There are 2 protein chains.
Amino acid sequence: MYQLDLANLSLEQFLAEYWQKKPLLIKGGFQNFQDPLSADELAGLALDEQVDARLIQRSEGSWQLDEGPFEHFEGYGEQDWTLLVQAVDHWHPAAATLLEPFRFIPNWRIDDLMVSFSAPGGGVGPHLDQYDVFIIQGMGKRRWRVGMPNASLEQFCPHPRLLQVSDFQACIDAVMEPGDILYIPPGCPHDGIALEPSLNYSVGFRAPAQKDLFGGLADYLLDFQIDGERFSDPGRLASESPGAIQGRDLAEIRQLMQAMLSDDDLISHWFGSYISQAKRELDLQEPEPHYQAEEIAEYLEEGSVLGRLGGLRCCYQQLDANADVQLFINGDRFPLPATELATARLLTDQPQLDEAACRHLVQTPERLGFITQLINQGYWYFIE
Amino acid sequence: MYQLDLANLSLEQFLAEYWQKKPLLIKGGFQNFQDPLSADELAGLALDEQVDARLIQRSEGSWQLDEGPFEHFEGYGEQDWTLLVQAVDHWHPAAATLLEPFRFIPNWRIDDLMVSFSAPGGGVGPHLDQYDVFIIQGMGKRRWRVGMPNASLEQFCPHPRLLQVSDFQACIDAVMEPGDILYIPPGCPHDGIALEPSLNYSVGFRAPAQKDLFGGLADYLLDFQIDGERFSDPGRLASESPGAIQGRDLAEIRQLMQAMLSDDDLISHWFGSYISQAKRELDLQEPEPHYQAEEIAEYLEEGSVLGRLGGLRCCYQQLDANADVQLFINGDRFPLPATELATARLLTDQPQLDEAACRHLVQTPERLGFITQLINQGYWYFIE
Ligand SMILES: O=C(O)CCC(=O)C(=O)O
Ligand SMILES: O=C(O)CCC(=O)C(=O)O
Ligand SMILES: [Co+2]
Ligand SMILES: [Co+2]
C-alpha cells in the first residue's frame with residue numbers, strides 16, 4: 001500500500017495552506033515508488049474499446065489528437081507524444097490502490113485515476129483544469145511547470161479537442177522523479193514535458209457546478225416521479241397588467257423552489273444518489289450463476305476476503321447520530337438503521353474487506369443478505 | 001368581445017372567496033352568449049393533424065377513447081360521446097377571444113382554450129384536474145355536478161388513457177345553459193353529462209409543480225451554457241471516514257444551489273423564458289417574403305391593425321421602476337429600457353393592437369425594427 005509522505009508538512013498544514021489554494025511539489029511523496037503498472041500494460045488498456053484513451057502528439061508546433069480504442073502504436077515515433085488513459089482505477093486493481101493515500105479527501109470528491117505514458121518531449125501542452133489533481137511521477141523524469149491562476153491568461157484550441165493556455169509565469173519549475181507528487185489546484189496553468197519515457201498518475205477530483213446540481217436534481221425528480229407541490233395563488237389580486245409577471249408571483253415561484261431545497265431528506269437522498277453514479281464504464285462482472293447466501297457465509301467464515309469493484313462510487317450520509325444511515329452505491333440508495341453505521345463504513349471507507357470485516361458482514365441475516373446482493377451484482381468480489 | 005358578468009359578486013369577492021378555494025356556478029356569466037364557432041367547425045379542426053383531439057365514448061358502462069386526427073365522425077352514433085379539442089385558441093381567432101375576459105389572472109397562469117362537443121349523454125366521466133378551469137356552456141344544455149376536494153376519493157382508469165374518480169358528493173348540481181360559467185378549482189371532482197348536443201369551452205390554467213420548475217431551470221442552464229460556480233472546499237479538514245458525505249459538505253452543496261435561486265436576474269430571465277414557451281403547436285405562418293420596416297411603417301401609419309398569433313405566450317417582468325423591462329415572447333427574452341414599459345405592455349397586455357397602439361410602435365426606429373421582426377416571425381399579423 002502506498003504511503004503518502006508530506007515530509008515536514010502535516011496533513012492539516014497541507015489542507016490549510018495548499019488544498020484549493022496553491023500548487024505544491026512534494027518531493028519523494030512516495031518513497032521507493034514502484035509503478036503499479038507498466039507502460040505496456042497501459043498500452044494494452046488503450047486497445048480496449050470500453051476504455052477511454054487519447055494520444056496527443058506535437059510535431060513542428062502543431063498538435064494532433066487521436067482517440068482510442070487503438071490498434072497499435074506504430075508510427076508515433078520515438079518522441080513528442082503522450083498516451084492518456086482515463087479511469088484506470090476501473091480496470092487495474094493495483095493501479096487503483098494509488099487513490100487510497102488521498103482518501104483524506106472524501107470519496108465523493110474523488111473522480112478517477114488517469115495514467116499517461118509520455119515519450120521524451122511528450123506532453124499535452126500548457127493548460128488549465130477545473131479540478132484539483134495530484135500528479136504522481138512514476139518511471140522516468142518529466143519537467144513540470146505550474147503557475148498561479150491568472151485571469152489574463154488566454155485559452156485557445158490548437159486542435160478542436162485540445163484547450164491550451166498562453167505562456168504563463170511558473171511558480172514551480174522542477175524535474176520530477178519517481179515518487180514525486182505535484183499538487184495542482186483548479187485553474188493553475190501547468191505543463192509537463194517528459195525528459196525520459198515517463199509514467200504519470202493523475203489522482204483527479206470532481207466538484208459539481210451549480211448547473212450539474214440542478215440538472216442532477218431535475219433528473220432525480222423525473223426518475224422518481226416526485227412532482228412536488230404545484231404553484232398556488234389563493235391570495236391573488238386582480239391583475240392590472242395581464243402581461244406582467246408580478247414580483248410577488250416570482251417570489252412565490254422562488255419560494256416554492258427553495259422549499260424543495262430545504263427538504264433535508266430529499267436533498268440528502270438525491271445528492272447521495274447523484275454523486276455516487278458512475279460516469280464511465282465499470283468493469284462489472286456479475287457472477288454466473290449467482291451465489292446463495294449460505295455459500296457466501298461459508299466462504300467468508302473460512303477467511304475469504306472481498307474487494308470492491310474499481311471505480312465503484314460508495315458513500316453514506318447520516319443526518320444525526322440517531323437517524324437512519326443512507327448508504328449510496330452506484331446511484332442506488334440503501335437505508336440502514338442507525339445501528340448499522342459500522343456496516344456502511346466498512347463498505348464505503350475501505351476498498352477491501354479483511355477477515356474481520358467479512359465476519360461482521362455475515363453476523364446477521366440482514367447483512368448477509370445485503371452482501372450477497374452486492375456480490376451478485378458484481379460490486380464486491382472474492383479476492384482470495 | 002365577451003364581457004364577464006359576475007352578477008352580485010365583485011371580481012375582488014370572486015378572487016377572495018372562490019379562486020383556488022371552491023367551485024362556483026356563474027349563471028348568465030356571459031349575457032346573450034353567441035358561440036364563437038360551430039360544432040361543424042370544431043369537427044373540422046379535429047381532422048387537422050396539427051391539432052390535438054380526442055373522442056371519448058361510453059357504451060354500456062365501458063369507456064372508449066379515440067385519438068385524432070380524425071377522418072370522419074361516422075359510426076359514433078347519436079349519443080354518449082364527447083369530442084374534445086385542445087388549444088383551440090391556437091387555431092381559431094374568434095374562439096380565442098373567449099380567453100380575454102379571464103385576463104384578471106395574468107397571462108402566464110393561463111394555459112389554453114379547450115372546446116368540447118357532446119352528443120346527448122356525452123361526457124368524459126367524473127374526474128379531477130390539477131388546474132383551475134372555467135367551463136363555459138355554449139349551445140345546448142349540460143348537467144354538471146361538482147364536489148369539494150376529498151382525500152378519500154379514489155382514482156381509477158376505466159381505460160388506459162382515462163383517469164376517473166369514484167362517486168362524489170356534489171355541492172353544485174345544475175343544468176347549464178348557454179352563457180353559464182362554472183368555475184372549478186384544482187382537485188374538485190366534476191362530471192358533466194350533456195342533455196342536448198352541447199358545446200363547452202374550458203378556459204384552462206397552468207401552475208408549474210416543483211419538478212417542472214427544477215426541470216425548466218436545469219434545461220435553461222444547459223441551453224445557455226450557464227455552468228455557475230463549482231463546489232469548492234478550501235476549508236476542508238481531513239476526513240476520518242472517507243465514505244461519509246459530511247453534513248458540512250451537504251450544507252455547502254445546498255448553499256450553492258440556494259445561491260443560484262437568489263440570483264434575481266437569473267431567476268427572472270429563466271422564469272420568463274420558461275413560462276412563455278409554447279407547449280403545443282402554434283399556427284405559425286412566416287410572411288413570405290419578409291416585410292421591410294418601411295412597408296410596415298406605411299401600413300401602420302395608414303391605419304392597419306395587428307393581431308397576436310393565437311396561443312403565443314407573452315409576458316414581461318420589471319424588477320423595479322428603473323430597471324430594464326424583460327419582455328418574453330415564445331421563450332425568447334428581449335431586454336428593453338425602462339422607458340419602453342409601454343411597448344412591453346401593449347404587446348403583452350393586448351391580443352390586438354389598435355391604431356393608437358400601432359402608431360406607438362412606429363414612433364421610434366427601435367420599435368419599428370422590433371415590430372418588423374415580430375411580424376416577420378409570424379408572431380403578429382395584419383388583421384386589416
Ligand atoms: O499526464 C499528463 O500528461 C497530463 C496530466 C495533467 O495535466 C493532469 O492530470 O491534469
Ligand atoms: O368539456 C368536457 O366534457 C370536459 C371539461 C372538463 O372536465 C374540464 O375542462 O376540466
Ligand atoms: Co491537467
Ligand atoms: Co375536467
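**Entry 1: ligand 1**

I began at ligand 1 and noted that a polar side-chain atom of A:His127 lies 3.0 Å from an oxygen atom of ligand 1. I record at the outset that the model is predicted. I then looked up A:Asp129, where an N or O atom of the side chain is 2.8 Å from an oxygen atom of ligand 1. For A:Arg142, I read 2.7 Å between an N or O atom of the side chain and an oxygen atom of ligand 1. I next checked the exposure of the ligand: ligand 1 taken alone exposes 300 Å², and the protein buries 94% of that.

I asked which elements give two or more residues to the shell around ligand 1. In chain A they are strand S4 (81-85), strand S5 (110-118), strand S6 (133-137), strand S7 (142-146) and strand S13 (198-205). I listed the nearest of the 14 residues around ligand 1 as A:Ser116, A:His127, A:Asp129, A:Arg142 and A:Ser202. By class, I found 6 nonpolar, 6 polar and 2 charged residues in this shell.

**Entry 2: ligand 2**

I turned to chain B and looked up the surroundings of ligand 2. There are 14 residues around ligand 2, and B:Ser116, B:His127, B:Asp129, B:Arg142 and B:Ser202 come nearest. I noted three side chains with an N or O atom facing an oxygen atom of the ligand: B:His127 at 3.0 Å, B:Asp129 at 2.8 Å and B:His190 at 3.2 Å. Ligand 2 exposes 290 Å² when taken alone, and I find 94% of that buried by the protein.

I also traced the strands behind this shell. Strand S4 (81-85), strand S5 (110-118), strand S6 (133-137), strand S7 (142-146) and strand S13 (198-205) of chain B are the elements that give two or more residues to it. I entered the composition of the shell around ligand 2 as 6 nonpolar, 6 polar and 2 charged residues.

**Entry 3: the two chains**

I asked how many residues of chain B are in contact with chain A. I found 75 residues of chain B in contact with 76 residues of chain A. Between them the two chains bury about 6,600 Å², and 61% of that area is on carbon and sulfur atoms. On the chain B side, I noted that B:Gln210, B:Arg230 and B:Ile245 lose the most area to chain A, together 12% of what that side buries.

**Entry 4: domains of chain A**

I looked up the domain assignment of chain A, which gives domain 1 (11-205) and domain 2 (293-382). I recorded 33 Å between the C-alpha centres of these two domains of chain A. Contact between the domains involves 8 residues of domain 1 of chain A and 8 residues of domain 2 of chain A. Together these domains bury about 610 Å² between them, with 36% of it on carbon and sulfur atoms.

I then asked which three residues supply 54% of the area that domain 1 of chain A buries against domain 2 of chain A. They are A:His90, A:Glu100 and A:Asn107, and no other three residues supply more.

**Entry 5: backbone details**

I closed with the backbone. Most residues other than glycine have a negative phi, and most peptide bonds are trans. I therefore set the following cases apart, as exceptions to that general pattern.

- I found a cis peptide bond between A:Gly68 and A:Pro69, with omega about 0 degrees. A:Pro69 has its place in the loop between strand S3 (62-67) and S4 of chain A.
- In chain B, I found a cis peptide bond joining B:Glu288 and B:Pro289, again with omega about 0 degrees. I located B:Pro289 in the loop between helix H6 (264-275) and helix H7 (293-301) of chain B.
- I noted a positive phi, near 65 degrees, at A:Gln20, a residue other than glycine. The loop that holds A:Gln20 runs between helix H1 (11-17) and strand S1 (24-26) of chain A.

Key
Residues are numbered from 1 along each chain as its sequence is written. Chains are lettered from A and ligands numbered from 1 in the order in which they are written. This is a predicted model: local features need pLDDT of at least 70, side-chain atom pairs count only at pLDDT 80 or more; totals for chains, interfaces and linings use all residues. Side-chain values use heavy atoms; hydrogens and water are left out. A residue is near a molecule or strand if one of its heavy atoms lies within 4 Å of it. A polar contact is a pair of N or O atoms within 3.5 Å; within protein, one must be able to donate a hydrogen and the other to accept it, and residues adjacent in sequence count only if both atoms are side-chain atoms. Accessible areas come from the Shrake-Rupley method with a 1.4 Å probe; for residues, only the protein chains shown count as cover. Helices (H or I, at least four residues) and strands (E, at least two) are DSSP runs, numbered from the N terminus. Ala, Val, Leu, Ile, Met, Phe, Trp, Tyr, Cys and Pro count as nonpolar, Asp, Glu, Lys and Arg as charged, and the others, Gly among them, as polar. Domain bounds come from an automatic or database domain assignment. Contact means heavy atoms within 4.5 Å. Buried area is the accessible area (1.4 Å probe) that two parts lose on being put together, summed over both.
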